[in-house]
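Q: Please take a close look at one enclosed space in this model, the second largest cavity. What lines it, and what is the setting around it?

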Amino acid sequence: MDVETATLTKNPGAEGEAAGRGRTAPDAPVDWNAPLTGAMFAFLVPLLLSNAVQGLSSTISSILVGRYIGVAGLAAISAFFPVMFFLISFLIGLTSGGTVLVGQAFGAGRMDRVRAVAGTTLSFTFLAGVAVSAIGVLFASKILVFMGTPANILAQAESFARIAFLAPAPLFLFFSYSAFLRGIGDSNTPFYFLVVNTVLSLAVTPALIFGWGGLPRAGLDGAAWAMSVSTLLTLALLLAYLHRIRHPLRFDRDMVRHLRIDGRILAAMLKIGIPTAIQMVAVSLSEIAVVSLVNRFGSDATAAYGAYYQVANYVQMPAISLGMTASIFGAQAIGAGRQDKLANVVRSAMQLNLAIGGALVALSYLFAGEILSLFLAPGAAFRIAHGLLMITLWSYLVFGAASIFGGIMRASGVVLWPTVLTIVSIWLVEIPTAYLLSRRIGIDGVWIGYSAAFVTSLALQYGYYRLFWVGR
């Protein structure tokens, strides 16, 4: 197993700090001699709730748009989000390296190193967020046209995109701070502030869409403005809260001192983050490719995809959260010198995937029609979306297992081959399957591509884990 990336937590560095000296945070929250399932479940619940709350404002916005503005409005948002995800995915992948380093440093008792990693990541994140905003505003129209966005929704999608691209800088900073807190074992504080973000979004979104309280009636653009405003306010409140409780990661004079790009930290972060970023870009490009295939079937199909995307966001939450949990627990185990517990981390995560993910998939199958009715009135778009759910829901359990194997390997700094295998499953299985089957059996062929990719990804990730990663 490669633990090269743990060297930063074992080297005192420029500060000359001995391991453990100057710690202002409690001990690492994991008792490695106790069963891990309970500790991972306690960490996972706020993380799951965070993801659920994070999706809630988007879901309610989609409900408002789909039910009160119409199918064309929902289709316009659906055409935009893969573009946004593409532009931010590379940056989020890069900052995942910072999260692993934070977890390793905290596991080793190096709080000053935690702040140094945070300072480098925040500096890099802010600059990249500004760049993403500029790219989005300048090129959103050309990208939407390239994707084959239906002509009847192109103007709405372009207007929505230009406003929404004001959000990346504060959004990336908020995500980075949330990742740092989780890296030191605190999944509660990010959850609380995602609740704050959702409450703000729920208050601002309908007010701007419908022009309540003397505000201008912005229609679809109101949902984009609400995203930017609520994110900026939430970031300010989070920083104020951390300062008030004197949290080790509060934004104070000491954190400002660390707001610089440390070449050694950035290099270690990029070693982990670049392959992850490439993987995320590959995933986002595949979503753009899928939307391009869906767009060929008309705006009803695009709207159906948007409704499905909202449901899938919730169904895949256990998978994504468990991958993150495995990565954080694995990083802390490595930092604490307890590599012998990594297999236990995987085993506990798999048990939670079957229990929590399986229950959510079963409920989604039982109530698929009722869930979709929140977004779509009966009609062609509803029928397409329902078929999509029936075809793909089961495979999110498979996706969860693959995410866990990827997460535990990422915690040790092994990211290149897991990334390559994910890209293979997407671009050599999902997209060709979706393209070929959509020409033979219609739009259902696009959805089959998802399940085929998840199954392939699990087989490849598990094969690499068993044959090459274990015992290195």
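A: The cavity comes below, followed by the chain as a whole and two arginines.

This is a predicted model, in which local features need pLDDT of at least 70 and side-chain atom pairs count only at pLDDT 80 or more, while totals for chains, interfaces and linings use all residues. Residues are numbered from 1 along each chain as its sequence is written, and side-chain values use heavy atoms, with hydrogens and water left out.

Rolling a probe the size of a water molecule over the atoms shows where empty space is left. A cavity here is a set of points, on a 1 Å grid over the protein atoms alone, where a 1.4 Å probe fits but cannot get out. Points are joined across faces, edges and corners, and the volume is the space filled by probe spheres set on them. Searching the whole structure gives 2 cavities of 30 Å³ or more. The second largest cavity holds about 30 Å³ of space.

Its lining residues (an atom within 4 Å of a point) are Val-315, Pro-318, Ala-319, Asn-353, Gly-357, Val-361, Tyr-396 and Leu-397. Two or more of the lining residues come from each of helix H12 (317–335), helix H13 (342–366) and helix H16 (395–411). Helices are DSSP runs of H or I with at least four residues, strands are runs of E with at least two, and both are numbered from the N terminus. H13 contributes the most, with 3 residues. By class, the lining has 6 nonpolar, 2 polar and no charged residues. Nonpolar covers Ala, Val, Leu, Ile, Met, Phe, Trp, Tyr, Cys and Pro; charged covers Asp, Glu, Lys and Arg; the others, Gly among them, are polar.

The chain around this cavity has 18 helices and 0 strands. Of its 472 residues, 57% are buried, meaning under 20% relative accessible area with a 1.4 Å probe and protein chains only, whereas exposed means over 50% and partly exposed lies in between. Among contacts (heavy atoms within 4.5 Å) with a separation of 6 or more, 86% join residues 24 or more positions apart.

Two arginines can be described in the same terms. Arg-115 is in helix H4 (residues 111–146) and counts as buried because its relative accessibility is 9%. Arg-246 lies in the loop between helix H8 (220–244) and helix H9 (253–257). Arg-246 counts as exposed because its relative accessibility is 60%. Although Arg-246 is not a glycine, its phi is positive, at about 55°.

Definitions and conventions: On a 1 Å grid over the protein atoms alone, a cavity is a set of points where a 1.4 Å probe fits but cannot get out, and a pocket is an open set with protein on both sides within 12 Å along at least five of seven lines; lining residues have an atom within 4 Å of a point.
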